[in-house]
Amino acid sequence: MDAEQLRENAHKMVDFIADYYKSIENFPVLSQVQPGYLHNLIPDSAPHHPESLQNILDDIQEKILPGVTHWQSPNYFAYYPSNSSVAGFLGEMLSAGLNIVGFSWITSPAATELEMIVLDWLAKLLKLPEDFLSTGQGGGVIQGTASEAVLVVLLAARDKALKRVGKNSLEKLVVYASDQTHSALQKACQIGGIHPQNFRVLKTDSSTNYSLSPDSLAEAISRDLTIGLIPFFLCATVGTTSSTAVDPLLALGNIAKSNGMWFHVDAAYAGSACICPEYRQYIDGVEEADSFNMNAHKWFLTNFDCSALWVKDRNTLIQSLSTNPEFLKNKASQANMVVDYKDWQIPLGRRFRSLKLWMVLRLYGLENLQGYIRNHIQLAKHFEGLVAQDLRFEVVTPRIFSLVCFRLLPPHNDEDHGNKLNHKLLDDINSTGKIFISHTVLSGKYILRFAVGAPLTEWRHVNAAWEVMQDKASALLARLSI
Ligand code: PLP
């Protein structure tokens, strides 16, 4: 690494990125390219001779950006947000600059210690129980994604249960979650060797706004106990992916506890909102949880990837995931004086990700972070009001955070055509390139999702988005009536 070369080229790159942000609204939000488009534009093999940065930047502009879906566009309202910010970007840049690999404390003491401190800070902002802090038996760790988070806790819970009931009982272990739980849990079960028939996907419906009913959990557990199975893991969600449903943590946690089960709370998206006192209620009952996860890279201004996981008993994770090869042995680890995060995660290597979260927490401060979340929720509320005023549409589930689930009502109440109609409307809207929204299915109905959460989104973008949707709906309905 030549320092002067870095200075010169990195300035060019920062200029390129700053210009990108200046012009971000000029791109179609959802990339409009066809599969395989890039093969025709990029040579078949790597160059023999070095090329100039300028040539590469030109290629990025002409060939790569058309194939980018602009998650940072203020007109991005799909899935859930994946925030970037100057603070998060600077932290990411610093992490790339130092480029350490902090798998054990000794490989970069600051990386481990800052991660512990920053996750304690965030736990305190969320008012998580003290048991989750690194000062006790618990602690926080940054995983790449919520999927990795649920996998590592499932493995820890599995091994803890097997210790109790005997190694040969893997086939009897049962996992519980609602049908709204993210598919990451199913993947974790597949990797964790849970028998496919022992993954209980409990049905939800509109009567509970798609949250998991404690009664249905209790019934499922008691049915399994009577046939000799062993309930061991419950995953509840605060802010489900389809509709932001909130599972009742306290009641569910009590059931899990009385059955000796591990209780995991997935608050990947909505966890961020819980730094505001008025939204903290949605994680009431987290006191009963063994682990809690929220993605700072979703709605907390921290560039991807940064998924914060806390556990009450770090030894359970360590017992499942630790290895101690000769080539990694060192005095601090051997003396058990330090945290070695390699034993809290799947990979060995890990980046210095706490830098970006630290930057975000310090450069914004709690006050501004709360304002950020509240503003998005206000925007979503405004959008919900706009939808409610147009009688051709309906809001499908009550909005809790910054996601609005809605749909175009089929003319003449012809529900057979409702799904096709909304599917077509989604395509028509997204093919304009002006905005990007996504969909889900609830109770068999095809639903449109409008998720506010991109850092650059303002009132005018929400109003303009609604105009696009109304125009496309009018055109679609006019075509149908011909
Ligand atoms: N859990 C919930 C509630 C989510 O909404 C998502 C993604 O949107 C995930 C888990 C998976 O997140 P990740 O991509 O970090 O694995």
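## Four-stranded sheet

Axes here are lines fitted to C-alpha atoms, for helices over the stretch in contact, and angles run from 0 to 180 degrees between N-to-C directions. The model is predicted. On that basis, helix α14, residues 415-430, runs at about 30° to β11. The helix lies across β9 (403-408), β10 and β11.

These strands belong to an open sheet of four. The order is β8-β9-β11-β10, and the pairing is antiparallel. β8 (393-395) and β10 (438-442) are the edge strands, each pairing on one side only. Neighbouring strands are turned by 40° against each other on average, direction ignored.

Five bridges join β10 to β11 (residues 445-451) in the antiparallel sense. Leu442 has Lys445 of β11 as its bridge partner.

## Seven-stranded sheet

A second open sheet holds seven strands with mixed pairing. Its order reads β1-β7-β6-β5-β4-β2-β3. β1 (139-143) and β3 (199-202) stand at the edges with a single partner strand each, so one side of each lacks a neighbour in the sheet. From one strand to the next, the twist averages 20°.

At the β3 edge, β2 (residues 173-178) and β3 pair in the parallel sense over four bridges. Ala177 has Val201 of β3 as its bridge partner. At the other edge, helix α4 (residues 109-125) lies across β1 and β7 (307-311). Helix α4 runs at about 105° to β1.

## Ligand shell

The ligand has 15 residues around it. Thr145, Ala146, Ser147, His182 and Ala268 come nearest. By class, the shell has nine polar, five nonpolar and one charged residues.

Definitions and conventions: Residues are numbered from 1 along each chain as its sequence is written. This is a predicted model: local features need pLDDT of at least 70, side-chain atom pairs count only at pLDDT 80 or more; totals for chains, interfaces and linings use all residues. Two strands pair if DSSP finds at least two bridges between them. Helices (H or I, at least four residues) and strands (E, at least two) are DSSP runs, numbered from the N terminus. Two residues are in contact if their C-beta atoms, placed from the backbone, lie within 7 Å. A residue is near a molecule or strand if its C-beta atom, placed from the backbone, lies within 6 Å of it. Ala, Val, Leu, Ile, Met, Phe, Trp, Tyr, Cys and Pro count as nonpolar, Asp, Glu, Lys and Arg as charged, and the others, Gly among them, as polar.
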